[in-house]
Structures are given as structure tokens and as C-alpha cells.
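Student: I'd like a close look at a single part of this protein, namely one helix and what surrounds it. Could you take me through it in one go?

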Amino acid sequence: MEETTSSDAEAPPASLPEIIDRVLQAAVAETTDIRAILQSFGRASFTPVLLLPAIAVATPLSGIPLFSSLMGIFIAIVSAQMLARRRHLWLPDFILSRQISGQKLRAAFSRIRPAAAWLDARTAKRLRLLSQRPLIFIPQLICLLSGLLMPFLEFVPFSSSVAGIGVAILALGMLARDGVVILLGLLPYAGVAWLILRVI
């Protein structure tokens, strides 16, 4: 168990495309780990770090066995610390040391970058009340619950990816202080409910 460490030399990513670009830069090696990716973020705040597993589970990487469960735990740990208002992010070593193929990582994140850039360009500081305390605890709590549910959603095809999209949109809304995007982040959960009902 350890506190995440980061470099002072690099400013944290401030937008969704920049987060993806940092991941692509860190994925040049044949294999990389989550620790190396987070170190490329510099002294990032909690929200950019929350976006990383949410985006990852929304890509074809979710097809890797138990990957969605690991990312769900990652999301839950970060969200819980956001709710607790911790000043420094803690992540267990079993997450930080997780090895990922650089080629698969680049392919997955390159595929979604155009859509991420399109979405990021349409954010603005709207309904800021939803991105500030006390109401910001609502999207943070939804992200926590989403992460806790992801290990169980492994049994429902595509549901973990849809939940990942929901977390990613909520996190983007919090990052951009855009309450409209936070509200839009609730929509994917209707899709998760529909997929679960189909299986039941």
C-alpha cells in the first residue's frame, strides 16, 4: 500500500484530450504499468486520475478478463478518497503495478481520442452549483457505487463499459466544472439498468 508519487516537473493534465495524450506518451514501451502512467500526469488532482480507469473500461480493453473489475476497484478507491476530501491520493500496489500492453493501450486510447476532443470542446462552466460542494458529493458517490458494482457487471455483457462511460462523463463534468455534463453523465446508467434487466 502506498501514496502515489509524481513529478514536479510536469503540470497535471487539464483536459480530457490531454489526459489521453499523456497515456499515449506513457504507452510507447512494449508494456507499461499504471504507476508509470500516473507519474506522467505530474501532480494531478483526483479528477484526472479518476478519468483514467473510467476511460480505460469504456474501451475494448474491458474485454481483458478481470480488467473491468480492477478498474472498478480503482474507480471506487479514488472516488472514496474524493468523498473523504483527502489531500493526497493513495492507491494499493496491486493496482499501480498492473502491467498493460503498450500496443493495446495505444490502440484503445487512440480510437477514442477524436470523440474525447469533440466532447471536451463543448464543455463550459454551466450550472456550477452541481460541481461544487455540497452537491458535488452526488456525482462522486455515483462514481463510487459504479466502481463497486463493476466486478459484478463482468457477468452482464457491455454493462461495465457503459458504466465506465457514465463515470468518465461525470468526471469530465467535475473537471470542467460543467453541471450540464454532470447531468448528462447520469444517462448511461439507464443503459446499465436496461442491460441488467435483459439478463434477469
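Tutor: Happily; what follows is a walk around helix H6, taking its empty spaces and then its charged contacts.

A word on the ground rules: this is a predicted model, in which local features need pLDDT of at least 70 and side-chain atom pairs count only at pLDDT 80 or more, while totals for chains, interfaces and linings use all residues. Numbering runs from 1 along each chain as its sequence is written, and side-chain values use heavy atoms, leaving out hydrogens and water.

Let's begin inside. The model holds 2 cavities of 30 Å³ or more (on a 1 Å grid over the protein atoms alone, a cavity is a set of points where a 1.4 Å probe fits but cannot get out). The largest cavity has a volume of about 70 Å³ (the space filled by probe spheres set on the points, which are joined across faces, edges and corners). Helix H6 (102-121) is one of the elements giving two or more residues to its lining, together with helix H2 (34-39), helix H3 (46-57) and helix H4 (67-83) (helices are DSSP runs of H or I, at least four residues, numbered from the N terminus). You will find Ile34, Ile37, Leu52, Ala56, Leu61, Phe67, Met71, Ile100, Leu105 and Phe109 around that space (lining residues have an atom within 4 Å of a point). The lining consists of 10 nonpolar residues, with no polar and no charged ones (Ala, Val, Leu, Ile, Met, Phe, Trp, Tyr, Cys and Pro count as nonpolar, Asp, Glu, Lys and Arg as charged, the others, Gly among them, as polar).

H6 also helps line the second largest pocket, where H6, helix H1 (16-26) and helix H8 (159-176) each supply at least two residues (a pocket is an open set of points with protein on both sides within 12 Å along at least five of seven lines). About 250 Å³ of space lies in that pocket. Its lining includes Ile112, Ala115, Ala116 and Leu119, as well as Leu16, Ile20, Ile165 and Leu172. By class, the pocket lining has 12 nonpolar residues and no polar or charged ones.

Now for the charges. The model has 4 salt bridges (a side-chain nitrogen of Lys or Arg within 4 Å of a carboxyl oxygen of Asp or Glu). In one of them, Arg113 meets Asp21, with 2.7 Å from N to O. Arg113 sits in H6 and Asp21 in H1, so this pair ties together parts 92 residues apart in sequence. Arg113 is partly exposed at 27% relative accessible area, and Asp21 is partly exposed at 24% (buried means under 20%, exposed over 50%, partly exposed in between, with a 1.4 Å probe and protein chains only).

Follow the chain into the loop between H6 and helix H7 (137-153) and you come to Arg126. Arg126 forms a salt bridge with Asp178, their closest N and O atoms being 2.5 Å apart. Asp178 lies in the loop between H8 and H9, so the pair ties together parts 52 residues apart in sequence. Asp178 is buried, with a relative accessible area of 0%, whereas Arg126 is partly exposed at 32%.

To put the picture together: H6 gives residues to the lining of the largest cavity and to that of the second largest pocket, and H6 also carries Arg113, the partner of Asp21 in H1.
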